[in-house]
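Please open the structure in the viewer and keep the sequence panel visible. The tour proceeds by selections, each followed by a short account of what is found there.

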Amino acid sequence: LKQPVRSGVVLHSIIGNHNGKEPQVESSDQVVHYWSSHLENAASEKIVEANHNGANKHPDAIEEIRRILYLHAGMDQSSG
């Protein structure tokens with residue numbers, strides 16, 4: 001967090017919440033707490049109901065990665 005992000009770099013964040021029931025600020029993926037994962041300068045943030053090892057495999061996370069890739073490629077997601 002002490003390292004500055006290079007100018008022009010766009011950050012996106014996908015964060016796991018292992019039970020989906022806690023208030024977001026108190027949530028965790030059972031390894032990393034939300035407050036530690038949250039990046040103020042992120043262009044987008046997606047919370048998925050998953051633990052630390054499953055967040056990248058969650059269907060909502062996969063769809064969010066797809067959305068981000070299309071966005072940065074300058075393409076309409078529906079055309080892919």
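Select Gly74 to begin: this residue follows helix α2 and has a positive phi, near 75°. The model in view is a predicted one, and the values given at each stop are computed from it.

**Helix α2**

Next, select residues 59-73, the 15 residues that form helix α2. How far apart are the end C-alpha atoms of this helix? They are 21 Å apart, and this agrees with the expected span, because 15 residues at 1.5 Å a residue should also cover 21 Å.

Within the helix, colour Ala61, Glu64, Ile68 and Tyr70, which are the buried residues of α2. To see part of what covers them, add the strands β1 (12-16) and β2 (44-48) to the selection.

**The pair Glu64 and Arg67**

Now show the side chains of Glu64 and Arg67. Both residues belong to helix α2 and stand three residues apart, about one turn of the helix. An α-helix has 3.6 residues a turn, so residues three or four places apart point the same way.

What joins these two side chains? Glu64 and Arg67 meet in a salt bridge, with a distance of 2.9 Å from N to O. Side chains of opposite charge can pair when their charged atoms come close. The count for the model comes to one salt bridge.

Are the two partners buried or exposed? Glu64 counts as buried because its relative accessibility is 9%, below the limit of 20%. Arg67, with a relative accessible area of 28%, is partly exposed.

**The whole chain**

Finally, clear the selection and display the complete chain as a cartoon. Two helices and two strands appear, and their order along the sequence is β-α-β-α. The C-alpha trace spans about 35 × 30 × 20 Å along its principal axes.

Switch to a surface display. The accessible surface of the chain comes to about 5,900 Å², and carbon and sulfur atoms contribute 52% of that area. Of the 80 residues in the chain, 24% are buried.

Two further views complete the tour. If contacts are drawn between residues with a separation of 6 or more, 46% of them are between residues 24 or more positions apart. If the charged residues are coloured by sign, there are 7 positive and 10 negative charges, and the mean positions of the two groups lie 7 Å apart.

Notes. Residues are numbered from 1 along each chain as its sequence is written. This is a predicted model: local features need pLDDT of at least 70, side-chain atom pairs count only at pLDDT 80 or more; totals for chains, interfaces and linings use all residues. Side-chain values use heavy atoms; hydrogens and water are left out. Helices (H or I, at least four residues) and strands (E, at least two) are DSSP runs, numbered from the N terminus. Buried means under 20% relative accessible area, exposed over 50%, partly exposed in between (1.4 Å probe, protein chains only). Contact means heavy atoms within 4.5 Å. Accessible areas come from the Shrake-Rupley method with a 1.4 Å probe; for residues, only the protein chains shown count as cover. Lys and Arg count as positive and Asp and Glu as negative; His and the chain ends are not counted. The place of a charge is taken as NZ of Lys, CZ of Arg, CG of Asp or CD of Glu. The expected span of a helix is 1.5 Å times one less than its number of residues. A salt bridge is a side-chain nitrogen of Lys or Arg within 4 Å of a carboxyl oxygen of Asp or Glu.
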